[in-house]
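Hi,

Here is the structure I promised to pass on. Have a look at it first, and my notes follow underneath.

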Amino acid sequence: MAYDARSELVLHVNGTPYTLTLDHRTTVLDALREHLGLTGAKKGCDHGQCGACTVLVDGRRANSCLLLAVAQDGRRITTIEGLAHGNDGADGERLHPLQEAFLERDALQCGYCTPGQICSAVGVLTEAADGFPSHVTPYTAASGAPMELTPDEIRERMSGNLCRCGAYPRIVEAVGDARDAGGAES
């Protein structure tokens, strides 16, 4: 008896539901790039160590190279392509505040890591607003209260995203600018 190693699933990507039939070994990254043509999330290390593939799953950041697509059935996935405001057709020309901040601060050089950096930064702003502490959060911080995103907090929270060009100071500044402008909405 042959085992069918494929399943049908629905992924809600950037607000659009997609019904896909995928091999059980297909990662979310490969589903996005190879099956949906969304190439913003990059395949860097393919081991969850560089963050180039970071996307938002139900509003939380995740390394898409580590997620099996079949395990994400029914979930909302937001990629760099879906961050621009007006993805519903209202105003598709306006960038997300973090995209604008990265441009303003010139927080990108070669640009390969930038989509993952920006998606991760959206997650950072949301996590801090929701009161999730990091390794450098003072132990005296109020439990569950919004966390202050100091430059040290931003650096710690963004540490899972690597940039070979070394744009880190500008990335921290851009995330700080978006924080100040209230740019966590996705």
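**Salt bridges and the sheet**

Let's start with Arg75, which counts as partly exposed at 34% relative accessibility (buried is under 20% relative accessible area, exposed is over 50%, and partly exposed is in between, with a 1.4 Å probe and protein chains only). Before going further: this is a predicted model, where local features need pLDDT of at least 70, side-chain atom pairs count only at pLDDT 80 or more, and totals for chains, interfaces and linings use all residues. Residues are numbered from 1 along each chain as its sequence is written, and side-chain values use heavy atoms, leaving out hydrogens and water.

Arg75 forms a salt bridge with Asp58, with the closest N and O atoms 3.3 Å apart (a salt bridge here is a side-chain nitrogen of Lys or Arg within 4 Å of a carboxyl oxygen of Asp or Glu). Arg75 sits in the loop between strand 4 and strand 5, and Asp58 in the loop between strand 3 and strand 4, so the pair ties together parts 17 residues apart in sequence. Asp58 is partly exposed too, at 35%. Helices (H or I, at least four residues) and strands (E, at least two) are DSSP runs, numbered from the N terminus.

By this rule there are 13 salt bridges. Another one joins Glu173 to Arg105, again with 3.3 Å between the closest N and O atoms. That pair links distant parts of the chain, with Glu173 in helix 5 (residues 168-180) and Arg105 in helix 2 (residues 97-105), 68 residues apart. Arg105, Arg170, Glu173 and Asp177 are linked in a network of salt bridges. Then there is Lys43 with Asp46, at 3.9 Å.

Now the sheet. Its 5 strands are open-ended, in the order 2-1-5-3-4, with mixed pairing (two strands pair if DSSP finds at least two bridges between them). Strand 2 (16-23) and strand 4 (60-63) stand at the edges with a single partner each, so one side of each has no neighbour in the sheet. Strand 1 (residues 6-13) runs antiparallel to strand 2, joined by 8 bridges; Val13 has Thr16 of strand 2 as its bridge partner.

Two helices go with the sheet. Helix 1 (residues 28-35) lies across strands 1, 2, 3 and 5, at about 105 degrees to strand 2 (axes are lines fitted to C-alpha atoms, for helices over the stretch in contact, and angles run from 0 to 180 degrees between N-to-C directions). Helix 3 (residues 114-129) packs on the sheet, touching strands 3, 4 and 5 (contact means heavy atoms within 4.5 Å).

Cheers
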